[in-house]
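Open the model in your viewer and keep the selection tool at hand. We will go stop by stop.

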Amino acid sequence: MTAPRTAAPAALACLALTLAASGCTPGEQLVPEKGAIVLATGSDLSSSGVRQDLIHDWERRTGRTVRIVKLPDTADGQRSQLLAAGQSGNGGYDVLNLDVAWTAEFAEAGVIRPWATALNGDFLDSVAKTVEYGGKVWGVPFNTDAGLLYYRKDILRAYGHGAPSNWGELKDVATEVAQDYNRESARDAATGHKKRRPRMYGMVAQLRPYEGLTVNTLESAWVNGGDPDATSFTKGEQVGALQQGIADLKLRLDSIMPHEATTMDETESRRWFADGRALFMRNWPVEYASVAEKLTPGEQFDVTQLPARPSDGKRMSVLGGQNLALAAGTTRPAGARSLIEALTGPGSERCLLERGFAATRDSAYREAATAPHCPLPPDDAEHGEHGAAGRPEPRPDPRTLHAALMAAAPRPRSAHYQTFSKVVQIGVSAYLNGVGGTAIADRLAREADDALGGRGEQRTRRPVRRGRRRQPATIR
């Protein structure tokens with residue numbers, strides 16, 4: 001990395017900005033910033049890739065350096081480490097790369113500080129919501145995601161079908177085509193014309209009890225009349241949406257999916273699809289390049305938006321992605337803010353889109369002639385986040401991705417979202433595996449409301465024994 005210049009320009013920049021605009025406190029304004037900007041992230045930005053290239057570009061232009069702290073591989077591990085470090089004041093972080101579902105919790109915990117200025121109108125409206133909480137903005141969208149429907153274009157065409165328009169049509173087409181395909185495969189193998197192919201299922205998705213199951217559950221609930229902005233599953237139009245949503249998941253599992261879907265995450269479901277064992281797949285855009293690489297030459301696939309709900313034709317997806325936020329304890333706020341602004345600017349977002357990420361700004365999706373210019377030199381542009389030099393990775397059609405993002409919505413914005421997600425995972429997993437029947441679905445709606453309101457956490461506390469005085473619990 002480039003050797004750091006004197007910290008004086010950064011200090012002068014902080015002094016020149018107002019308190020509201022810079023995020024600097026009066027004490028910070030009087031002290032020149034020293035040292036590297038410490039970026040804590042769950043993704044490995046220390047290797048080659050467009051995000052690391054953008055960081056290097058900022059270092060070259062500013063003379064500052066960035067030190068990347070790699071967090072644990074699991075989302076739970078990342079979240080726990082960042083919360084513990086932020087609340088203890090011992091993290092030493094300046095910039096946090098956060099999952100979009102963590103904004104409310106980290107804001108409530110005092111681990112991040114408000115961004116202090118409104119976001120530019122160029123950010124997609126749906127994506128901008130992921131950094132909003134309690135009437136304030138708590139970061140800047142870095143890269144985003146929306147669920148897509150992957151489908152075997154060649155097989156559907158061979159049996160006279162295209163991409164389904166709604167979930168009912170998907171189930172019917174998946175049932176018909178998978179049965180015909182498997183029957184033909186068995187007949188060819190019996191006559192010796194062709195080697196028997198793997199059994200084809202209608203669909204795969206992420207139904208293992210982890211965050212992926214929560215995402216699939218929310219999408220199914222929204223399709224059944226749920227409102228992404230609602231704060232309750234037991235009031236108004238929300239009544240019955242969650243119950244019907246998980247009933248639909250169960251129906252798809254029992255009719256067109258392998259039971260192994262209850263153990264699948266993004267990677268495992270992608271393997272089944274790429275191996276020719278599933279006609280459809282719900283997954284994120286990030287898996288596109290891996291599918292393209294693994295499919296046998298001559299086999300074709302494509303992606304489209306998730307199927308629409310029959311009531312109004314609306315297509316809905318849960319938003320994924322990451323946001324950049326200022327650590328509450330940063331001692332380098334001017335440099336941290338400058339880095340975030342650079343990584344999320346129009347040109348940088350165009351770079352991210354060109355290298356396989358879903359960009360957060362509307363301008364990034366314009367036609368090339370009118371889109372912002374990616375500031376990276378051609379040499380850097382020749383390799384994607386995981387691709388080889390000179391061979392850009394395949395990626396979804398930007399128009400399809402843009403449409404999916406415009407129709408997507410954030411997960412419930414609650415400081416207790418993690419508790420809510422765990423409640424959903426446990427309840428839905430039990431229902432899908434046939435333990436407890438429909439009573440689980442009815443109880444889950446009430447428990448989900450309790451969790452979002454912070455009441456679900458009380459059930460995990462140990463009861464107070466009679467005759468003994470209980471000491472106040474330590475907040476961790």
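The tour starts with the whole chain and then moves to chosen pairs and helices.

**The whole chain**

Show everything first. This is a predicted model. The protein chain holds 19 helices and 12 strands. It has 476 residues, and 53% of them count as buried. Now turn on the surface. The chain exposes about 21800 Å², with carbon and sulfur atoms supplying 50% of that area. Next, think about contacts between residues at least 6 apart in sequence. Of these, 73% join residues at least 24 apart.

**Stop 1: R79 and E105**

How many salt bridges does the count come to? The count is 27. Side chains of opposite charge can pair when their charged atoms come close. Select R79 and E105 to see one such bridge. Their closest N and O atoms are 2.7 Å apart. R79 sits in helix α5, residues 75–88, while E105 sits in helix α6, residues 103–108, so the bridge ties together parts that are 26 residues apart in sequence. Are these two residues buried or exposed? R79 is buried, at 17% relative accessible area. E105 is buried too, with 14% relative accessibility.

**Stop 2: Q418**

Keep R79 and E105 on screen and add Q418. Which helix holds Q418? It is α18, spanning residues 417–432. Q418 counts as buried, at 12% relative accessibility. Leaving aside residues up to four places away in sequence, Q418 touches D76, R79, W102 and E105. Both partners of the salt bridge from the previous stop are thus among the residues that Q418 touches.

**Stop 3: D229 and K129**

Clear the selection and pick D229 with K129. These two form a salt bridge, and their closest N and O atoms are 4.0 Å apart. D229 lies in the loop between α10 (211–223) and α11 (241–255), and K129 lies in the loop between α7 (125–128) and β4 (132–133), so this pair ties together parts that are 100 residues apart in sequence. Check the surface again. D229 is partly exposed, with a relative accessible area of 46%. K129 is also partly exposed, at 29%.

**Stop 4: E354 and R350**

Move to helix α15, residues 346–354. Select E354 and R350. Their side chains meet in a salt bridge, 3.0 Å from N to O. How many residues apart are they in the helix? They are four apart, which is about one helical turn. E354 is partly exposed, with 31% relative accessibility. R350 is buried, at 11%. Now select D57, R60 and R61. Salt bridges that share partners join these three into one network.

**Stop 5: α4 against α15**

Stay with α15 and add helix α4, residues 50–62. Two packed helices are described by the angle between their axes and the distance between the axes. For α4 and α15 the angle is about 155 degrees, and the axes are 10 Å apart. Why are the two helices called roughly antiparallel? An angle over 145 degrees counts as roughly antiparallel, and α4 and α15 therefore qualify. Their crossing is right-handed. To see where they meet, show side chains on both helices. V50, R51 and L54 in α4 meet S348, C351 and L352 in α15.

Conventions. Residues numbered from 1 in each chain as written. Predicted model: local features only at pLDDT ≥ 70, side-chain atom pairs only at ≥ 80, totals over all residues. Heavy atoms only, no water. Buried < 20%, exposed > 50% of the residue type's maximum accessible area, 1.4 Å probe, protein only. Contact = heavy atoms within 4.5 Å. Areas by Shrake-Rupley, 256 points an atom, 1.4 Å probe, with all protein chains shown as cover. Axes fitted to C-alpha atoms, helices over the stretch in contact; angles between N-to-C directions. Parallel < 35°, antiparallel > 145°, perpendicular 65-115°, else oblique. Left-handed = near helix turned anticlockwise from the far one by under 90°.
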